[in-house]
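Please read the following report alongside the sequence and the coordinates. It is meant for a reader who wants to check each point at the residue level.

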Amino acid sequence: MQRLHNRRFGLNFAPRWGFALIVGALLLAVLPASAQAANRVAFVSSSGQLIIGSGDGGFRWIVTNPGERLVPSLGFTWAPRGDQLFFAVDQGGEVSLRIAEIAAQATLEIGRVGGSGLSGGEWTADGRAVLIAANDAIRLYAADGSGPTAVVTGQGAVRVISPFVTERPNLPTQRSLAPDDRYLLFQGAGGRYAVQTVSGGSPTITALTNNADAAQVGLWSDVAPLVAYWGSSGTSQVAVTNAATGETLTLDSGRTAPITPIGWRPGTTQLAYRGADGGVRLADLGCLEAGCGSNPLNDGVALLPATAANIQLDQDWAYFSDGEAIQALGLDCAAAGNCQNAAFTLGANAAPQTLMHIAGARLVYTAYTQNATDITDREVRLLDLGCLNNPSSCAPQPVFGGAVAGLLSADGAFVTISIRGDGIYALDLARIDTAYLTDLVSGTDLLLTARWN
């Protein structure tokens, strides 16, 4: 059976999966790995099962059995190479930690832990292990099933970042592990942040505490062992720690309302963060590698207004939403200190409480056509960012009506969408074809859990 979509931007056919899944799984099992190498998306179905599919609809594997449920605090996470998926299944008082091998369509249990005080699910950068915190210990579980290695013990109740647990998966990735896997950011007793080497040793315990589900923490520079986070020590503060030395710089807001790091400019030690006035600033923290004579966070260059949201950085640009406008700012303005009024509009009519995402030199967002508050008035718009060579030519194109956009695949070829009253689909942005993923569930935003490899 097929489902016909007649949206104003074209006719789209999407297969529905029922009994044919059994036949499909048998056929897929004999396909060579190269035939299964298309963009893959992992998601939770309307029945609660973990499924992996391809953007073009040609691959679909139901990973978990009927009745099995994922553990909400761990969920699932793609390996860096995109060929394996970690997931955690509730076994009633115990949790089974598993790896799904996509090419073989086989799963491997890599360990079991108690069912409380759990966090993590983050892969090491080399793809060899998964980080799990359970009660008073943090361990690395080898992806080949050879067993766990203790990283932190004796610090009381501990927790690490859970990549699956985020309502803004479009924003910079939060990590407990440094990009080179040498250092670890975690929270100890009372939610206090600490850093230490993964190989062991005594942790450096900071003065800041935070909630377990705090957003915009664990942001690592990709060129230095610098990690940015925020928390409270009477007042809200942004902090950056050199994980190799323990030296920490903080910016105190003088109030209790949160101020947060936003993200590192790729390839640099420049950090975007919210200052005490709520505006976004940019400061170079490179001095932390050798010892700072002053605090750069006190003198960051004004970058974006306090109303900026959904902020994403690449090496040359900051992309953000401001009210209903999608905007971009060339980051070279920071060196001259003249970023005010330098941003320009890329798109208009951004729908409230929706994502903007950038991947594969493309930007996707959800817009409205007439009424911002009418949730039936939604359309997916796409912008190729090559237009930034001539900004006046930038004009987002409507590609699918009656839908809300999720995340782009890494190469920007596909995007997940939610069609009101229908289901979750993968949309091929070249052919404007849809592949069915799952039905909708009332009160649950399954779109946010659909993650590309």
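The report takes up model confidence, then the disulfides, then one strand residue.

**Confidence**

The model is a predicted one, and its pLDDT averages 91 over the protein, with 92% of the residues scoring at least 70. Residues 6-36 call for separate treatment when the model is read, in that pLDDT stays under 50 over this stretch, although the model still has 60 contacts there beyond four places in sequence.

**Disulfides**

Three disulfides are present in the structure. Counting the bonded cysteines along the chain, the links follow the pattern 1-2, 3-4, 5-6, and the table gives the sulfur separation and the angle for each pair.

| Pair | S to S distance | Angle about the S-S bond | Hand |
|---|---|---|---|
| Cys287 and Cys292 | 1.9 Å | 90 degrees | right-handed |
| Cys333 and Cys339 | 2.0 Å | 100 degrees | right-handed |
| Cys387 and Cys394 | 2.0 Å | 100 degrees | right-handed |

In general terms, a disulfide is a covalent bond between the sulfur atoms of two cysteines.

How far are the bonded cysteines shielded from the surface? In the link of Cys287 and Cys292 the two partners fall into separate classes: Cys287 is partly exposed, since its relative accessible area is 27%, whereas Cys292 counts as buried because its relative accessibility is 18%, and the cut-off for buried is under 20%. For the disulfide that joins Cys333 to Cys339, Cys333 is classed as buried at 10% relative accessibility, and Cys339 is likewise buried, with a value of 3%. In the remaining link, Cys387 has a relative accessible area of 12% and is therefore buried, while Cys394, at 11% relative accessibility, also counts as buried.

**Asp90 in strand β7**

Asp90 belongs to strand β7, which covers residues 84-90. Is this residue buried, partly exposed or exposed? Asp90 is partly exposed, because its relative accessible area comes to 42%, a value that lies between the 20% and 50% limits.

Leaving aside residues up to four places away in sequence, Asp90 touches Arg69 and Val71. With Val71, which is 19 residues away along the chain, the separation of the C-alpha atoms is 5.5 Å. The side chain of Asp90 also makes an approach to the backbone, reaching the nitrogen of Gly92 at 2.7 Å. Taken together, Asp90 combines contacts to Arg69 and Val71 with a side-chain approach to the backbone nitrogen of Gly92, while remaining partly exposed.

Methods: Residues numbered from 1 in each chain as written. Predicted model: local features only at pLDDT ≥ 70, side-chain atom pairs only at ≥ 80, totals over all residues. Heavy atoms only, no water. pLDDT = per-residue confidence, 0-100. Contact = heavy atoms within 4.5 Å. Helix = DSSP H or I, 4+ residues; strand = E, 2+ residues; numbered from the N terminus. Buried < 20%, exposed > 50% of the residue type's maximum accessible area, 1.4 Å probe, protein only. Polar contact = N/O pair within 3.5 Å; in protein donor to acceptor, adjacent residues only side chain to side chain. Disulfide = S-S within 2.5 Å.
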